[in-house]
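Let's take a walk through this protein together, starting from a strand and ending at the bonds between cysteines. Keep the model open beside you as you read.

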Amino acid sequence: MHGLSRLSNGASSVSPPSSPRHRVSRGKGTTSPAGGCDGGAKNFRGGVGRAETKNVAERFRYFLISALYRKRGVLLFAPLLYIAGMLMYMGTMGFNAMSNFSVGGGDAVGPGSMYRSPEVFEKLWPFMEAESTNRTSNLLSNVWNPKMKQGWKPCIKQTVSHPELSQSNGFLIIEANGGLNQQRISICDAVAVAGLLNATLVIPIFHLNSVWQDSSKFGDIFDEEFFIYALRNHVNVIRKLPEEILEQYDNNISNIVNLRVKAWSSPSYYLQKVLPKLLEWKAVRIAPFSNRLAHAVPPYLQGLRCLCNFEALRFSEPIRMLAAKMVDRMVTNSSKSGGRYVSVHLRFEEDMVAFSCCIYDGGEEEKRDMDIVRERSWRGKFRRRGRVIRPGANRVDGKCPLTPLEVGMMLRGMGFDNTTSLYVAAGKIYKVEKHMAPLKQMFPGLETKDTLASIEELAPFTGHSSRLAALDYTVCLHSEVFVTTQGGNFPHFLVGHRRYFYEGHSKTIKPDKRKLAQLFDKPSIRWQDFRRQLQDMLHHNDVKGIELRKSSSSLYMYPMPDCMCRKTDAKVEYSNTTKTT
């Protein structure tokens, strides 16, 4: 018996020199066998050798012509010739690649492979200052072209008309691991799976991550009561298992069988493998539950994801209260730009720099610091035999974290002057005094959570990385411009949230780091050229601000069209839609 479910150039090689035993006297007009590509059998003197060569050549020519004239011959000969050619080509390429690898893989050389940003800054700084002095208006007042807006609005209509919930098939317990936004993925996917299985979801358990070291519970970060209320018509959510269920497992949740579910599992997998166990045991546990549901699922499940992430999951009251004060202070500090400010997610922490294997300007001290961090965090991974590290190639490929200096240069080149208020969301920056100084020089109105909030205000959050990240998240959400520099879950969710609240436009700068590597490696570049290329990059980000989700993409970053619809098509809008998260 089944329970009810919510869904019923090929390189030529030079010939080697011939053996001295075969060399003969040279006549007039002859060339040496070793004298280049033409050196070969036709240059040999001697009747026998010449006759043998001619005989072989004639046989080959006869075979080739015969094959071309015979249909069967062509079918046999052409594939063999193609395969032989490809093997020779790939063999040559493979040998060259192995040769580079075996000798340590000489690092990439050429434009973009060196860190010369300080030299570029030294040359361009006077021009930046002169432009700030002569500017009459702030870019923040018109940074985004209003023509790019297409009038999208929150619209989770798939879930609005859903019938009343039927009797639950059992209880679903999941464990959310990782940092703040990885936990969001787990929570919202759990809501979708609970809806699929018609299960009652127990408030997710937060796993103490070895990296984040945050002991916060669900209610410390998110508003638990509001979460249950917002989902009440779509998924049953309870704070803890009923006593009668717990007693069956000796009052220990760990005794409940843990189902090992593969990453990105399909809805059909859950219906075929998990639902029968749920009906049999009345409670199932899935841990870990990170990325355990595929991106591509039916519209109803996408609607539950939307409802969870953009409506039900708002931060706890202590976080909301302090975050609101911080946003108000940023708006007050941004009076010269009409209360608008720029936020930057800066990933230049010690571990990020170490993991990238990129070289900056710290010399031997930097190398020693990074070696220590790599060994402490990854224990030998970077010292494995045969591993080749190419810092220059990483930089050319856009894989190096942007320094605070480079972020400042980019923004000044795009047109943001020294009156721009800048909020930096970051962890502990590597050599913070040294690297943050030039960014502060370019943007005197720079703030972080440590300067925007007092020590007393931050005290309840100290030592809890996810709660601190929630403060950063909220201040960045309300900025006129958000700058992401290195990827990760933080910008992934934030960009989607910004699209959800700003009519589909992310208002985000995601720089092309390959182009930046080239640009920052030109100490002789003219200010006009520097500025033109960066303004082109800003325009490109404006155009890319509105993007629809592709089948393989995440709706947490691309909420259209699953969670939003055009204003002309919107018939239903949630009354509890708010910017408070």
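A good place to begin is strand β10, residues 481-484, which is covered on both of its faces. V481 and V483 sit on one side, F482 and T484 sit on the other, and all of them are buried. Please keep in mind as we go that this is a predicted model.

What does β10 pair with? One partner is strand β7, residues 342-345, which is joined to β10 by four bridges, the two strands running parallel. To find the register, look for V342, which stands opposite V481 in β10. Another partner is strand β11, residues 508-509, joined to β10 by two bridges and again in a parallel arrangement. Here F482 is the residue to look for, as it stands opposite T508 in β11.

Now follow the chain from β10 towards β11. The connection includes helix α20, residues 489-501, and together β10, α20 and β11 make a right-handed β-α-β unit.

Let's turn to the cysteines. How many disulfides does a search of the whole structure find? The search finds three. We can visit each in turn.

The pair C155 and C565 forms a disulfide with the sulfur atoms 2.5 Å apart. The torsion about this S-S bond is about 95°, so the disulfide of C155 and C565 is right-handed. The two cysteines come from distant parts of the chain: C155 is in the loop between β1 (152-154) and α4 (157-160), while C565 is in strand β12 (residues 564-566), 410 residues apart. Both C155 and C565 are buried.

Close by in sequence to C565 you will meet C563, in the loop between α22 (527-543) and β12; its partner C306 lies in helix α10 (residues 299-312), so this pair ties together parts that are 257 residues apart in sequence. The sulfur atoms of C306 and C563 are 1.9 Å apart. With a torsion of about -70° about the S-S bond, the disulfide of C306 and C563 is left-handed. C306 and C563 are both buried.

The remaining stop joins C358 to C400, with an S to S distance of 2.0 Å. Is this disulfide left-handed or right-handed? Its torsion is about -95°, so the disulfide of C358 and C400 is left-handed. C358 is in the loop between α12 (350-356) and α13 (363-378), and C400 is in the loop between α14 and α15, 42 residues apart. C358 has a relative accessibility of 3% and so counts as buried, and C400 counts as buried too, at 5%.

Put the bonded cysteines in sequence order and the pairing reads 1-6, 2-5, 3-4.

Two further cysteines deserve a look for their surroundings. C188 counts as buried because its relative accessibility is 0%. C308 is likewise buried, with a relative accessible area of 0%.

To finish, go back to the loop that holds C400. T403 is found in this loop too, between α14 (391-396) and α15 (404-414). Is T403 buried or exposed? At a relative accessibility of 1%, T403 counts as buried. Which residues does T403 touch, leaving aside its neighbours within four places in sequence? T403 is in contact with Y115, F348 and Y360.

How values were computed
Residues numbered from 1 in each chain as written. Predicted model: local features only at pLDDT ≥ 70, side-chain atom pairs only at ≥ 80, totals over all residues. Heavy atoms only, no water. Buried < 20%, exposed > 50% of the residue type's maximum accessible area, 1.4 Å probe, protein only. Contact = heavy atoms within 4.5 Å. Disulfide = S-S within 2.5 Å. Pairing = 2+ DSSP bridges. Right-handed = clockwise from strand over helix to strand, strands pointing away.
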